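Biologist: I should like a close look at a single part of this protein, namely its open sheet. Please describe how the strands are arranged and what packs around them.

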Amino acid sequence: INIGAQMKFVNLPLLFSVFIVSLVYIFYWRGEMIIESKNKGQESTQQVMDLFRQRDQHLVDDVLNMDLTNLTEVDAMYKFYKLTSLPLQGVCRVLKRIGGHWLDWPTLNAHAIDGDKFVCMDTFVDGSECLVYSFGIANDWTFEDFIVKFGCSVFAYDPTVNFPSKRGNHIHFEKKGLAEFFSSNMNTLHNFQKHNGHLEKTIKYLKIDIESHELEGLPEWLSSGALEAVEQLAMEIHLTKLHEGPKFKGLVSILQELYKLNFRLISYQVNLVARTMRDKHYTLMEVVFMKDTVWNHER
């Protein structure tokens, strides 16, 4: 009996040690499996993106290598519509639709969602500072109200509506509009950045919906350098008036300049509410450009 008790006394610590070692091994093995699985997932995602980037390359080359001197206005029109209808798939990993609401007014050409914006979320969860500029609000805050959930500060502008200067803790509003000139209620993008103390800061998302005035403003926003610190540029483009001629060579040149700044088209959708057409093309469209230097040059 004494010998058995001694053996029992000796085996309990041994069994306990074996149990602890087993647990450590199991958790270590499980951790290694999770890390390995995560690495394989990242490698697979990168392989997918690389395939898309290879397929996209000729579209990028088409824009960057365009010879505008020999391009007629009609050729430029067809070229622009074709290129903008083919957004690149190898720049953004996670593209999400934010905001918008269903419009079913009797006077509309069609009933559809309006006011929604596509956003690449790749850098919205990396802990970096998030600044969003939004020009053109009307009465729809659905985009701005949701984007602040990612810790963003929103600077919103619209000269046609009245709202308080603060909307919650993270949305600032001013009754002014975006243009290529300065006036009592209008200003340039560079001046807005300067006034807000953001000349040295990155604007993660720049939303512009200013009812065709983007066509006059884009050359100034490019020449002033205001777009250099912008990661994503989202615009509703209004092209109806350019068909009077047509006059598209300037717009194709702007597209080329955006690509030279490493912007790449990542999203395109026709405005289905208006459904305006000229020369067999929809003339109102939502486009999003994203800087190609944000993440995809790093492995």
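Modeller: The account below begins with the strand order and then turns to the side chains around the sheet.

The model is a predicted one. Its chain has six helices and 16 strands. Of the 299 residues, 44% count as buried. Among contacts in the chain with a separation of 6 or more, 68% come from residues 24 or more positions apart.

The sheet in question is open and consists of eight strands, in the order β7-β8-β6-β5-β11-β12-β16-β13, with mixed pairing. Its edge strands are β7 (166-167) and β13 (263-270), each of which pairs on one side only. Helix α6 (residues 249-260) packs on the sheet, where it touches β12 (232-238), β13 and β16 (284-291). The direction of α6 makes about 130° with that of β13.

From the β7 edge, the pairing can be followed strand by strand. β7 and β8 pair in the antiparallel sense over two bridges, and K166 stands opposite H172 in β8. The hairpin of these two strands has three residues between them, and G168 takes a positive phi near 75° there. β8 in turn pairs with β6 in the parallel sense, over four bridges; I171 in β8 is the bridge partner of V154. Along β8 (residues 171-174) the side chains alternate. I171 and F173 point to one face and are buried, whereas H172 and E174 point to the other face and are not buried. The next pairing joins β6 (residues 153-157) to β5 (residues 131-135), again parallel, over five bridges. Here A156 in β6 is the bridge partner of S134.

Aromatic residues form a further part of the picture. A search of the whole structure finds 15 aromatic pairs. One of them joins W141 and F163 edge-to-face, with 5.2 Å centre to centre and 85° between the planes. W141 lies in the loop between β5 and α3 (142-147) and F163 in the loop between β6 and β7, so the pair ties together parts that are 22 residues apart in sequence. The two partners can also be described by their accessibility. W141 counts as buried because its relative accessibility is 6%, below the 20% limit. F163, at 27%, counts as partly exposed because its value lies between the limits of 20% and 50%.

Another pair, F143 with Y205, is tilted, at 5.4 Å centre to centre and 35° between the planes. This pair links distant parts of the chain, with F143 in helix α3 and Y205 in strand β11 (residues 205-208), 62 residues apart. Both F143 and Y205 are buried. In addition, ring pairs link Y133, F135, F155, Y157 and F192 into a cluster.

F135, a member of that cluster, also belongs to the largest nonpolar core, which has 74 residues. Together with L206, L227, L239 and F289, F135 is among the residues that touch the most other members of the core. Helix α6 gives the most to this core, with six residues. In general, nonpolar side chains tend to be buried together in soluble globular proteins. Leaving aside its neighbours within four places in sequence, F135 is in contact with Y157, L178, L189, F192, L206, K207, I208, D209 and I210. Y157 and F192 from this list are also linked with F135 in the aromatic cluster.

Two lysines lie over aromatic rings. K291 is over the face of F263, at 4.7 Å from the ring centre. The charged end of K204 sits over the ring of F124, 5.8 Å from its centre.

Finally, the loop between β12 and α6 contains P246. P246 counts as buried because its relative accessible area of 13% is under 20%. P246 and A76 are 170 residues apart in sequence, yet 8.9 Å apart in space, C-alpha to C-alpha. Leaving aside its neighbours within four places in sequence, P246 is in contact with E73, V74 and M77.

Definitions and conventions. Residues are numbered from 1 along each chain as its sequence is written. This is a predicted model: local features need pLDDT of at least 70, side-chain atom pairs count only at pLDDT 80 or more; totals for chains, interfaces and linings use all residues. Side-chain values use heavy atoms; hydrogens and water are left out. Two strands pair if DSSP finds at least two bridges between them. Contact means heavy atoms within 4.5 Å. Axes are lines fitted to C-alpha atoms, for helices over the stretch in contact, and angles run from 0 to 180 degrees between N-to-C directions. Rings of Phe, Tyr and Trp (its six-membered ring) pair if their centres lie within 6.5 Å; planes under 30 degrees apart count as stacked, over 60 as edge-to-face and the rest as tilted. Buried means under 20% relative accessible area, exposed over 50%, partly exposed in between (1.4 Å probe, protein chains only). A charge sits over a ring if NZ of Lys or CZ of Arg is within 6 Å of the ring centre and within 35 degrees of the ring normal. A nonpolar core is a set of buried Ala, Val, Leu, Ile, Met, Phe, Trp, Tyr and Cys residues joined through side-chain atoms within 4.5 Å.
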